[in-house]
Amino acid sequence: MASVTLQNVSKVFGPVKVLSGINLTIEDGEFVVLVGPSGCGKSTLLRSIAGLEEVSGGEIRIGDRLVNDIAPRDRDIAMVFQSYALYPHMDVEKNMSFGLMLRKEPADKISKRVNQASGTLGLGALLARLPKQLSGGQRQRVAMGRAIVRDPKVFLFDEPLSNLDAKLRAQMRTEIKALHQSLKTTSVYVTHDQIEAMTMANRIVVMNEGIVRQVGAPLELYDRPANVFVAGFIGSPTMNFVDGVVVSGKKSGVRLKDGSMVEVNARGVREGQAITLGMRPEHLLMSGTGISGEVLVVEPLGMTTQVSVKTADSLLTVMAMERTSVSPSDKVQLSIAPPNVHVFDKSTGNRVD
Amino acid sequence: MVGQSRLQRILSSTGLYVAVFLYVAFAVFPIYWTVKISVTPENLLYSEGIKLWPTRMTLQNYVTVLKASDFPRYFLNSLIVSIATALIVTAVASLAGYALSRFHFRGKNWVSLVLLLTQTFPLVMVIPPIFRIMATMGLTDNLYGLIVIYTAFNIAFATFLMQSFFDGIPKELEEAAMIDGCTRAAALRRIVLPLTLPGMGATVAFVFTAAWSELLFALMLINSEDQKTFSVGLLTFIGKFAVDWGQMMAASVMALIPVCLFFAFLQRYLVTGLTAGAVKG
């Protein structure tokens, strides 16, 4: 096991900057998820740690060792690919033992490790099968098995659950998390799915356009997003954003376009500042005062009810925690408690506290 | 209505069978006729008229070709040239195809373009310069010259063929192998090559057949009797005043044998090979 340290890592493909100035320390035993929209550079960053991509600048260390110029096979890492990348001409057992065999481990140690891993993953009965004879979920497990038999310093996961159906994905998510809790191997996990990020990570790294937008524990990112991008990316349904201007006087707060006022707790705002307000759907209440609007769609989900409300200049999503009797074209007014309002500077997109 | 649609069905399937039968007959008839002539005694060849099978059969033509002509020599020459060409072309085309499929390098598009360009010249146009070049290098009138020229003319297509096979093998497999502990060369040898065997089989078969049946260059570059390939050798059965049909057909039948054996041997690779590169799984 080892830590992974990235110092000012950058990567350019011709004129395109894919990664710029990435600084990140992944602690020994930590499960870190890199998340972001497609093309944000998360996979490139993971592949750079693996050594499958050369970085254009900066330093990558695994433990204390600088690995920039070290071949993937000498980095002591294991990677699980989105496509699983099982060797089609080898059976499950050979797929799993291939790495140990290349490292010239003794045969009894190899079979012990393979048996152990296949036991953990429930692959015992499948050892003699070829990958094409396995279901998607089984292939995924074999790919995991191939990684864990190696007992590497770092696990790298490149969207390993993307090819599974929703039910299996949720199941494997839990299994991977349980596996990490028992093995405690440093893991870097790439996904575009913020639910995977929220549920599995010790820490989440949110990336966009080749830069790190925020690093933090899942709930930290949820409760205190550092900028509009993170606020919009983390959380489902996504946060509502409304523009407004800071006013002070008898009633101070942020005035929206339709003239309604929203009270905020942020001390760092100044009068006249253009602001973007962020409001989580579950924090908006349909009460008698506040932003007025008209109900557009009501979507009952059982535990909650999702209501889309059209206001003067935007469409807001409200997640009502209790059963609600509103129906389309009803007039409603939305209010929110000041501590729950996220305030972002409109020009920079950064959080203002 | 039901009766009519059934009639239509029978008619359309009959039509299909007739079409298939006609096509097979068209393809197989020359082979059948070659075999038939080869076993017809010489005195019956013109006297019997057109018959589907001779009233008397003989293997004399085969005996004569094997014992009294240079045909075994031609046959051996063809075998040497075709096998050498197939192996050299497949080895070079595999490496070139791998590079074109996997690496990004300056001038990559130009390499593909130049390879394609070599396929666009009519053979007749390049024969005079090629003859001059080969003569200067001492590559006329020997088998080496044929191997060189066949290799040159087959390598472009074979490279594209192999490239498409490599394209069909996911890059992640190599990456996984390289993380597991392989160098790039070891990943190629242990993971990619075993998966490309069908493609290589198809390439070997294609090049072998092309070299085996080539006539133009063999005719132009070879003069000595002992260096002739069988395709040129067949022409020796055409005399100034008469054609020895029986012997020529016997020689042709024998020339078919290695190709048939070859395809029988490669068949299991060919079916997957020729389709494997086409569709990405």
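What share of the contacts in chain A with a separation of 6 or more is accounted for by residues 24 or more positions apart? In this predicted model, such residues account for 65% of those contacts. Chain A comprises 8 helices and 20 strands, and its C-alpha trace extends over about 80 × 45 × 35 Å along the principal axes. Of the 353 residues in chain A, 42% are buried.

Chain B meets chain A through 13 of its residues, which are in contact with 17 residues of chain A. On the side of chain B that touches chain A, the elements giving two or more residues are H8 and H9 of chain B, and the largest share, 7 residues, is contributed by H8(B). By character, the residues on this side of chain B comprise 9 nonpolar, 1 polar and 3 charged.

The two helices named above also pack against one another within chain B. The axes of helix H8 (residues 171-180) of chain B and helix H9 (residues 184-212) of chain B come within 9 Å and cross at roughly 120 degrees; this angle falls outside the range of 65 to 115 degrees counted as roughly perpendicular and is not over 145 degrees, the bound for roughly antiparallel, and H8(B) and H9(B) are therefore oblique to each other. Their crossing is right-handed. In the contact itself, B:Leu173, B:Glu174, B:Ala177 and B:Met178 of H8(B) meet B:Arg184, B:Ala187, B:Arg190, B:Ile191 and B:Val192 of H9(B), a set of residues that divides into 6 nonpolar and 3 charged, with no polar residue.

Note on methods. Residues numbered from 1 in each chain as written. Chains lettered and ligands numbered in written order. Predicted model: local features only at pLDDT ≥ 70, side-chain atom pairs only at ≥ 80, totals over all residues. Axes fitted to C-alpha atoms, helices over the stretch in contact; angles between N-to-C directions. Helix = DSSP H or I, 4+ residues; strand = E, 2+ residues; numbered from the N terminus. Parallel < 35°, antiparallel > 145°, perpendicular 65-115°, else oblique. Left-handed = near helix turned anticlockwise from the far one by under 90°. Contact = placed C-beta atoms within 7 Å. Nonpolar A, V, L, I, M, F, W, Y, C, P; charged D, E, K, R; others polar. Buried ≥ 20, exposed ≤ 12 C-beta atoms within 10 Å, placed from the backbone.
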